[in-house]
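This briefing looks at the overall build of one protein and at how two of its elements pack against each other. Please keep the sequence and the structure in view while reading.

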Amino acid sequence: MPNSKASFPDRDTIADKLGILGDAEKPWLALVLENPAQDDALLEGVHHFLDRATQSRFLNSLKLSRAGLWLGEHAPARLQIRLMEIAKSSQHAAFGAFREGLTRSGGLDKAYPKA
């Protein structure tokens, strides 16, 4: 069963946890980040979280930036490029705020230092 896809957590659960991102959600998300079998669900959840932000009436750019900062600091190297690809996949301000947090975290630079 090594090739079976992890069905939990789903993208909605991850998007909900990122939307709250309090002290109770951070350890749970850190466990998801540690498990490579859940990478696809995590990345789908991040994208869903950002899509929800684009459709909301009020854009909370501070919350989006904070989510990007936290993910950039805690995501392993294998996810850093994929997170940045998601952040750059749209010109919407929600994606821009998330990208700003990822950039400030320096996670991509730590994972792939310049020569």
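In this predicted model, helices H4 and H6 lie oblique to each other, because the angle between them, about 40 degrees, falls outside the ranges counted as roughly parallel (under 35 degrees), roughly perpendicular (65 to 115) and roughly antiparallel (over 145). The points below describe this packing and then the protein as a whole.

**Packing of H4 and H6**

- Helix H4 covers residues 61-74 and helix H6 covers residues 93-105, and where the two pack their axes are 7 Å apart.
- The crossing in which H4 passes H6 is right-handed.
- On the H4 side the contact is made by Ser61, Leu64, Ser65, Ala67, Gly68, Leu69, Leu71, Gly72 and Glu73, while H6 contributes Ala94, Ala97, Phe98, Glu100, Gly101, Leu102, Arg104 and Ser105.
- Sorted by character, the residues of this contact comprise eight nonpolar, six polar and three charged.

**Fold**

- The protein contains seven helices and zero strands, and its pattern along the sequence accordingly reads α-α-α-α-α-α-α.
- Among contacts in the protein with a separation of 6 or more, 73% join residues that are 24 or more positions apart.

**Dimensions and burial**

- The radius of gyration of the protein is 14 Å, which agrees with the value near 13 Å that a compact globule of 115 residues would have.
- The C-alpha trace spans about 45 × 40 × 25 Å along the principal axes of the protein.
- Of the 115 residues, 38% count as buried.

Conventions: Residues are numbered from 1 along each chain as its sequence is written. This is a predicted model: local features need pLDDT of at least 70, side-chain atom pairs count only at pLDDT 80 or more; totals for chains, interfaces and linings use all residues. Side-chain values use heavy atoms; hydrogens and water are left out. Axes are lines fitted to C-alpha atoms, for helices over the stretch in contact, and angles run from 0 to 180 degrees between N-to-C directions. Helices (H or I, at least four residues) and strands (E, at least two) are DSSP runs, numbered from the N terminus. A crossing is left-handed if the near helix is turned anticlockwise from the far one by less than a right angle, and right-handed if clockwise. Contact means heavy atoms within 4.5 Å. Ala, Val, Leu, Ile, Met, Phe, Trp, Tyr, Cys and Pro count as nonpolar, Asp, Glu, Lys and Arg as charged, and the others, Gly among them, as polar. The radius of gyration is taken over C-alpha atoms; the globule rule is 2.2 Å times the number of residues to the power 0.38. Buried means under 20% relative accessible area, exposed over 50%, partly exposed in between (1.4 Å probe, protein chains only).
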